[in-house]
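Let's take a friendly walk along the backbone of this structure. Have a look at the sequence and the model, and then read on for some details of the loops.

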Amino acid sequence: MNQNSKQFITLDTHTGGNPTRTVLAGMPELAGDTIQEKMLDMKENHDYIRKFLVNPPRGHDVMSGTILLPALRPEADYSVIFIETGGYLPMCGHDTIGTCTALVEMGYVERQEPFTSVVLDTPAGVVEAKCKVENGKVEEVTFVSTESFHLKTVDVLFEGRNVRCDIAYGGNFYGIIRAEDLGLSLDIANSEGIVAAAMELRDVINSEHDVRHPEYPFINKLTHMELYEEGEVIRNTVVVPPGGIDRSPCGTGTCAKVATLYKEGRISENDVFIHESITGSQFKARLISSKEENGITFNKVSITGSAWIMARHDFYMNESDPLQNGYLL
Ligand code: PYC
């Protein structure tokens with residue numbers, strides 16, 4: 001470390017196998033009055049911090065995290081920016097569970113047993129989390145996500161045949177496709193094929209279809225793909241840009257799936273839906289309510305999952321490090 005070093009302090013958790021790096025300290029002042037404006041300022045003027053913290057050698061292809069900021073809204077405990085190797089996310093479920101677990105267990109919000117409430121101001125809206133706490137450990141976190149909806153169903157050409165894809169929003173846009181339709185099974189050994197097919201399809205869909213949020217103009221493309229298999233429970237894997245596999249069942253991807261199941265008439269209000277990841281970890285989702293507005297059905301969904309604190313880091317950023325921005329393979 002020398003005088004030119006910057007220092008970032010993080011708490012690292014995993015949620016169902018997927019990591020969250022919660023950045024507690026080290027951020028410069030970000031411009032803007034809202035969390036959306038601050039996210040944009042970070043993206044345009046301080047993106048080197050995201051690259052430094054999530055790319056190898058300090059991170060890896062599915063490293064993600066939250067930048068924790070003082071609350072910008074009176075009802076929130078903190079405002080947060082979600083980061084991953086592919087950029088910035090309006091909302092992230094596994095990060096919400098990971099960050100809330102870290103905040104409660106490490107005393108960054110006042111801990112109350114058996115339940116502690118944490119309210120996060122996210123770029124996709126306010127997210128309320130209820131943490132079940134026993135002997136200081138957060139056993140599980142249930143959060144109510146921002147409204148999810150099914151946008152449209154499209155056909156997309158893959159290896160000479162048309163494949164059905166549901167495009168749904170759960171905090172990010174997901175392209176939801178049955179893995180079998182791509183000739184794939186959801187096995188970790190097939191990761192390379194899953195990632196390659198998913199990213200190819202996502203790019204084709206973005207080039208052929210308009211995908212945008214009716215209220216948030218900055219959410220204007222399909223970013224993540226979700227392949228699934230039907231069985232006793234629905235198994236899924238979300239491909240995170242630019243090409244990693246979410247080890248968790250993916251919180252926002254599960255909200256998008258619930259919106260799709262509701263659209264298909266396969267789930268009703270108050271039903272519980274279990275979503276399983278490629279690694280076998282599970283989230284429990286519940287459809288709380290649905291309402292129709294301007295031809296779109298908006299669904300309120302809660303997600304329950306568990307996270308574990310793994311580490312606390314002091315990262316030193318030295319400007320003479322040729323890999324300060326990391327790299328992606
Ligand atoms: O859990 O919402 C989620 C998520 C989004 C991308 C990776 N995980």
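**Four stops in the loops**

Our tour of this predicted model begins with Pro57, which sits in the loop between helix 2 (47–54) and strand 3 (64–70). Look at the link just before this residue: the peptide bond from Pro56 to Pro57 is cis, and its omega is near 10°.

Further along the chain, you can find another pair of prolines. Which form does the peptide bond from Pro241 to Pro242 take, cis or trans? This bond is cis, with an omega near 0°. Pro242 belongs to the loop that runs between strand 13 (234–240) and strand 14 (244–245).

Now let's turn from peptide bonds to phi angles. Asn270 is not a glycine, yet its phi is positive, at about 80°. To find this residue, go to the loop between helix 5 (251–263) and strand 15 (272–276). Is Asn270 buried or exposed? A residue is exposed if 12 or fewer other C-beta atoms lie within 10 Å of its own. Asn270 has 9 C-beta neighbours inside 10 Å, so it counts as exposed.

The last stop is Asn294, in the loop between strand 16 (282–293) and strand 17 (296–305). What is the phi of Asn294 near? The value is near 50°, which is positive in a residue other than glycine. Around Asn294 there are 6 other C-beta atoms within 10 Å, and therefore this asparagine is exposed.

Definitions and conventions:
Residues are numbered from 1 along each chain as its sequence is written. This is a predicted model: local features need pLDDT of at least 70, side-chain atom pairs count only at pLDDT 80 or more; totals for chains, interfaces and linings use all residues. Helices (H or I, at least four residues) and strands (E, at least two) are DSSP runs, numbered from the N terminus. A residue is buried if 20 or more other C-beta atoms lie within 10 Å of its own, exposed if 12 or fewer, and partly exposed in between; C-beta atoms are placed from the backbone.
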